[in-house]
Every structure is written in structure tokens, then in C-alpha cells.
Amino acid sequence: MDREKQSRQVMSGVSDKHDGMKALPRKKFKKPTTSQFDLGELARGVESGSRLHLGKAITLLESTNPEHKKRGQELLNALLPKTGNSIRIGITGVPGAGKSTFIETFGTMLTELGHRVAVLAIDPSSSRTGGSILGDKTRMEELARNPKAFIRPSPTAGTLGGVHKKTRETMLLCEAAGYDVILVETVGVGQSETLVRGMVDMFLLLVLTGAGDELQGMKKGILELADAMIVHKADRDNLPLAKKTVREYKQMLHFLQPATEGWTTRPLAVSSIEGTGMQDIWDMVKDFEKTVKESGYWDTRRQEQTRDWFHSMITDELLGRFYGDPERKQQVKDMEQRILNDRLTVSQAVTELFK
């Protein structure tokens, strides 16, 4: 065979059709069915303090599946007698105030004192895609590994106030699981944070040093919601400025109405890096609980919160049913076009929709 023919010759390959490794069958993703949620087992697991079962129970509550929602409410109803035995603390602050860092340090200290801590970390959802990063758990690595703590990141899902629609119900499940301190971390500062104030016992506002500049961009309303002003990052070279900021807040708070009847809002300087001031915060929380319970306002506030929750759920249900009707959806779409084409005013369109 000459060289030209030899260069064009193709060697025959290995006759076997595979490399000896067995091909694994492809796994298909299956949505959880209602049969996968044994309510009795879930309830027992939650009551025993199982973080696995608690996570499953919250997932069931957050589901938009009508059957899951129904079974989730049945589960919650069964666990209601075990709820209400915690102190609920809302935590908010300007972006960069270090909310996650503070919660990790504060929560870790509480577990060392023998408490069981649940953190409901709310992540903002994209207004365009609806997605969320849900990165709070990665920012609290030490607390996430703590067996006495439970962290549940949830998207806002378009809810005003930076809280998920199911945050209230999630708190109840955490209480049924034996968590006696519930920390709710909100998206950020804004007037709609009143929704958080309406579901917790005590509200903490994290601020940074330099109160003068910061107060210019902060609504008076959010200051009147706070039961404590936590001047964060009070360490190293920043400590003198933090103490100065505390003095400024003390002077300013005299002119504001207290957020809780019978309680005077207090400013405190703390450092999550050095761990200073954390015990002072917990002492203040216990003092707050004692003072408000003795005045009788503790139970009154919780009853008011439950009533407000009931009315907000009515609103959610009405909106869901209104926009869930296919015919109504098309009607709204047609109305939009007529409004945009100047053939109908907004007020006329709304009146026609509700005839």
C-alpha cells in the first residue's frame, strides 16, 4: 500500500459501544403532592423541635397550591395551642447598617444563654422577575450551623413592608417548635415598615454613626415606630462618634411620641464585631417585656395585631379572587386599553368594573 492510500485509511474503532460505566437513569423533578405531606407526622415533628419538619411545614404554608394552602391551615390550626410563648422582635435599618451581622452576633449570644432563636430573614423580590437572592442564610453562617437556631429566608413576593405574606403564620410555627425568641429582619427602612411593627412585640431600628446626616434621609414615621435605636458598628475609631450619636438620639427622642404605651424609646451603642452591648440589648428587651406586660398593653397589642391580620387577609383574599377570575382579567385588560386611548377615565372604568 503506497503512502497516499495509507494516509487516507481510517483505523477501525473499538467494537464495544460504551466505556464500561453503566448509564444512570435520568431523574425527573416531581412537585410534592398532598399525599407527601402527612399532617400528623409534620405536627409531631414540629412540636419535637425538628428543623427539617419545621422547614417542610413552612413550605406547605407558603405554597400557592390551593390544596396545599388548605392542608397548611389545618396544620396551623392543630398547632395553635402551642403558640404565643415567645418574644417577637422586628429588626430594620438603612442598607449597610449591618442587620445580618448584628442578628448573627445577637442570636448566637441568646443561644449561649439557653434560648432557642428563629430568624425570619426577608429578602427583596425583583419587581421585574419576581426572583430573590435569599442570601441571608449565607451571611449568618455561624448561626445557621447552631442547633439552637433556625433561619428561614423568604422573598417579599411583592408584599409592602418588606415582609412575606406568610410571615405571621411562620412565626406561629416557630413558636410551636419551641423557639422562644423570634427575630424578623425586614428589607429596609420605609413608611411601609408599619406592617412589621404590626406583627412584633418590640421593634429595633439599626442606625449608623453621624445621626445628623442620616436623619435627613429618614422619615419621622419610622423613628416613631422604634422601641430602641441601636447605633451599630460602635467599635475602634468609630466608638467616640457612636457615643456622640447616642447622645444626639437621646435629645431628639424627647420630642417624639413613644412607640409603645408606657415605654420610653432608648438609644444604645453596640458592636457586632467586638460583641459589646449585646447583653445590654437583651437586658433592655427583658425590661421592655416586664414593663409592657405589667401595664397590660402586651396582650392588648397582640389582640390588635390579630384583628389587623384578619382584615389584611380579607383584602388579600378579595384581590386574589378578583384577579383570579379569567373573565375579569380580560375585562381589566380591555379597560386598560380604553383608558390609554382616552376613551374612558380611570374613575369610570373602576365604576364599570364593580357594577
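## Loops, strands and salt bridges in a predicted model

Q: Where in the chain does lysine 233 lie?
A: Happily, this one can be followed along the chain, bearing in mind that the model is predicted. Strand E6 covers 228-231 and helix H12 covers 239-253. Lysine 233 therefore falls after the strand and before the helix, in the loop between E6 and H12.

Q: What is the phi of lysine 233 near?
A: Most residues other than glycine have a negative phi. Lysine 233 is not a glycine, yet its phi is positive. The value for lysine 233 is near 60°.

Q: Is arginine 236 buried or exposed?
A: Arginine 236 sits in the loop between E6 and H12, and has a positive phi of about 50° although it is not a glycine. Its relative accessibility is 61%, and the cut-off for this class is over 50%. Arginine 236 therefore counts as exposed.

Q: How many residues of strand E1 are buried?
A: Let's take the two faces of E1 in turn. On one side, Ile87, Ile89, Ile91 and Gly93 are buried; on the other, Arg88, Gly90 and Thr92 are buried too. With both faces covered, the count for residues 87-93 is 7 of 7.

Q: Which residue of E4 is the bridge partner of isoleucine 91?
A: E1 and E4 run parallel and are joined by 5 bridges. One bridge pairs isoleucine 87 with valine 181. Further along, the E4 partner of isoleucine 91 is glutamate 185.

Q: Which residue in E5 does isoleucine 91 stand opposite?
A: E1 also pairs with strand E5, residues 202-207. These two strands run parallel, with 5 bridges between them. In E5, the residue opposite isoleucine 91 is leucine 204.

Q: Why is E4 largely enclosed by the rest of the structure?
A: Val181, Leu183 and Glu185 are buried on one side of E4, and Ile182 and Val184 are buried on the other. Both faces are thus covered. E4 is largely enclosed because its buried residues number 5 of 5.

Q: How many residues are in the largest nonpolar core?
A: Isoleucine 182 is one of the residues in this core that touch the most other members, along with Leu54, Leu75, Leu173, Cys174, Tyr179 and Met229. Beyond its neighbours within four places in sequence, isoleucine 182 is in contact with residues including Ile87, Ile89, Leu120 and Cys174. Apart from this core lies another, of 35 residues, with Leu183, Leu206, Val270 and Trp298 among them. The number of residues in the largest nonpolar core is 44.

Q: What is the area of the nonpolar surface patch made by Phe310, Ile314 and Leu318?
A: Phenylalanine 310 lies in helix H14, residues 297-324. At 51% relative accessibility, phenylalanine 310 counts as exposed. Together with Ile314 and Leu318, it makes a nonpolar patch of about 310 Å².

Q: What separates lysine 286 and glutamate 289 in helix H13?
A: These two residues form a salt bridge, with their closest N and O atoms 3.0 Å apart. Lysine 286 is partly exposed at 37% relative accessibility, whereas glutamate 289 is buried at 14%. Because they are 3 residues apart in H13, their separation is about one helical turn.

Q: Which residue forms a salt bridge with lysine 290?
A: The closest N and O atoms of this pair are 3.0 Å apart. The partner is 4 residues from lysine 290 in helix H13, so about one helical turn separates them. With a relative accessible area of 58%, the partner is exposed. The residue in question is glutamate 294.

Q: How many residues apart are arginine 338 and glutamate 352?
A: This pair forms a salt bridge, with the closest N and O atoms 3.5 Å apart. Arginine 338 belongs to helix H15 and glutamate 352 to helix H16, so the pair links distant parts of the chain. Arginine 338 is partly exposed at 26% relative accessibility, as is glutamate 352 at 29%. The two are apart by 14 residues.

Q: How many salt bridges does the structure hold?
A: Some of them join up: Lys286, Glu289 and Lys293 are linked in a network. Another pairs arginine 338 with glutamate 352. The total for the structure is 13.

Methods: Residues numbered from 1 in each chain as written. Predicted model: local features only at pLDDT ≥ 70, side-chain atom pairs only at ≥ 80, totals over all residues. Heavy atoms only, no water. Buried < 20%, exposed > 50% of the residue type's maximum accessible area, 1.4 Å probe, protein only. Pairing = 2+ DSSP bridges. Patch = residues over 30% accessible without salt bridge, like charges linked within 9 Å, V, L, I, M, F, W, Y side chains within 5 Å. Areas by Shrake-Rupley, 256 points an atom, 1.4 Å probe, with all protein chains shown as cover. Salt bridge = Lys/Arg side-chain N within 4 Å of Asp/Glu carboxyl O. Core = buried A, V, L, I, M, F, W, Y, C linked by side-chain atoms within 4.5 Å. Contact = heavy atoms within 4.5 Å.
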